[in-house]
Amino acid sequence: MASREDFTLCEDEVRSRYGHLDRMTDLVGVWEVALSDGVHKIEFEHGTTSGKRVVYVDGKEIIRREWMFKLVGKETFNVGDTETKATINIDAVSGFGYEYTLEINGKSLKKFLENRSKTTNTWVINLDGVDCRIVLEKDTMDIWCNGKKMETAGEFVEDGTETHFTVGNHDCCIKAVSSGKRREGIIHSLIVDEMEIPEAVE
């Protein structure tokens, strides 16, 4: 006959076996944030009876606080290889309800994404059976492909500039030309193996 001790599980073992059940009950916010190094999933658990706060980035636990008696406040952390600053704000609303908002670099997620669409261009292309997400940061002219900053070579050409890089065995170029219109500014186009790739909407 088994003794009582045979059925005792240590806390870590319980968390690894059954933690997903606990996560499902306390999960209050999920956000997807498109950064230069990829699209990151941020999940937030808030146990309002236990005072627990847990933040996951791309499925990895990065913050865990237990027995927080102050149920409102904020949690700040970094996201991705670019170490972008993120903050989850916890605010009380009527009664025992709470509102959870995500800020990226000090801006609301909506404002951050609106601003990002002005400062970056993104293309998604399948090369050799692999989906590639190519991002141009217009302010620095840095180019990222699937989370990796690319080595580039820039040159001036007759109608603008060209920034060359390679993905696998494919020659890639981002061409920058003036639109001729003040409001539109410079137009960036991605050319892979001499074919222009349409821009993705994120």
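**Exercise 1. Aspartate 26 and its partner**

Task: Decide whether aspartate 26 is buried or exposed, and find which residue forms a salt bridge with aspartate 26.

Solution:
1. Aspartate 26 has a relative accessible area of 15% in this predicted model. Buried means under 20%, so aspartate 26 is buried.
2. Its salt-bridge partner is lysine 52, with the closest N and O atoms 3.0 Å apart.
3. Now place the two residues. Aspartate 26 belongs to helix H1 (residues 11–26), and lysine 52 to strand E3. They are 26 residues apart, so the pair links distant parts of the chain.
4. Check the other end. Lysine 52 has 4% relative accessibility and therefore counts as buried too.

**Exercise 2. A network of charges**

Task: Work out which residues are joined with lysine 52 into one network of salt bridges.

Solution:
1. Start with glutamate 45. Glutamate 45 forms a salt bridge with lysine 52, and the closest N and O atoms are 3.0 Å apart.
2. Glutamate 45 and lysine 52 are both buried.
3. Go to a separate pair, glutamate 75 and arginine 65. Their side chains meet in a salt bridge at 2.8 Å, N to O.
4. Glutamate 75 sits in strand E5 and arginine 65 in strand E4 (residues 60–65), 10 residues apart.
5. Compare their surroundings. Glutamate 75 is buried, at 1% relative accessible area. Arginine 65 is partly exposed, at 34%.
6. Return to the network. Shared partners join Asp26, Glu45 and Lys52.
7. For the whole structure, the search finds eight salt bridges.

**Exercise 3. The nonpolar cores**

Task: Find which residues have the most contacts inside the largest nonpolar core, and which elements supply at least two residues of this core.

Solution:
1. The largest nonpolar core has 18 residues. Those with the most contacts inside it are Trp31, Val33, Ile42, Phe77, Ile88 and Leu102.
2. Look for the suppliers. Strands E1 (27–35), E2 (38–47), E3 (52–57), E5 (73–79), E6 (84–92) and E7 (98–104) each give at least two residues. Helix H2 (109–119) does as well.
3. Another core, of 16 residues, lies apart from this one. Trp123, Leu136, Cys145 and Val167 are among its members.
4. Take isoleucine 88 as a close-up. Leaving out residues up to four places away in sequence, isoleucine 88 touches Trp31, Ile42, Phe44, Val55, Gly73, Lys74, Glu75, Phe77, Thr101 and Leu102.
5. A general point fits here: in soluble globular proteins, nonpolar side chains tend to be buried together.

**Exercise 4. The sheet of four strands**

Task: Give the strand order of the open sheet of four strands, and say which strands are at its edges.

Solution:
1. The order is E9-E10-E11-E12, with antiparallel pairing.
2. E9 and strand E12 (148–149) are the edge strands, since each pairs on one side only.
3. Begin at E9. Strand E9 (residues 120–127) is mostly covered, with six of its eight residues buried.
4. Step to its neighbour. E9 pairs with strand E10 (residues 130–137) over eight bridges, in the antiparallel sense. Threonine 120 has glutamate 137 in E10 as its bridge partner.
5. Follow the turn. The hairpin of E9 and E10 has two residues between the strands, and aspartate 128 takes a positive phi near 55° there.
6. Move to the other end. Two bridges join strand E11 (residues 142–145) to E12, and these strands run antiparallel. Cysteine 145 has lysine 148 in E12 as its bridge partner.
7. Add the helix. H2 lies across E9 and E10, at about 75° to E9.

**Exercise 5. The cysteines**

Task: Explain why cysteine 145 makes no bond with cysteine 132, and say how many disulfides the count comes to.

Solution:
1. Cysteine 132 holds the cysteine sulfur closest to that of cysteine 145, at 4.4 Å.
2. The cut-off for a disulfide is 2.5 Å. The two sulfurs are therefore too far apart for a bond.
3. Try cysteine 173. The nearest cysteine sulfur is that of cysteine 172, 8.9 Å away, and cysteine 173 is in no disulfide.
4. The count comes to zero disulfides.
5. Check burial. Cysteine 145 is buried, at 8% relative accessible area. Cysteine 173 is buried, at 8% relative accessibility.

Notes: Residues numbered from 1 in each chain as written. Predicted model: local features only at pLDDT ≥ 70, side-chain atom pairs only at ≥ 80, totals over all residues. Heavy atoms only, no water. Core = buried A, V, L, I, M, F, W, Y, C linked by side-chain atoms within 4.5 Å. Buried < 20%, exposed > 50% of the residue type's maximum accessible area, 1.4 Å probe, protein only. Contact = heavy atoms within 4.5 Å. Salt bridge = Lys/Arg side-chain N within 4 Å of Asp/Glu carboxyl O. Axes fitted to C-alpha atoms, helices over the stretch in contact; angles between N-to-C directions.
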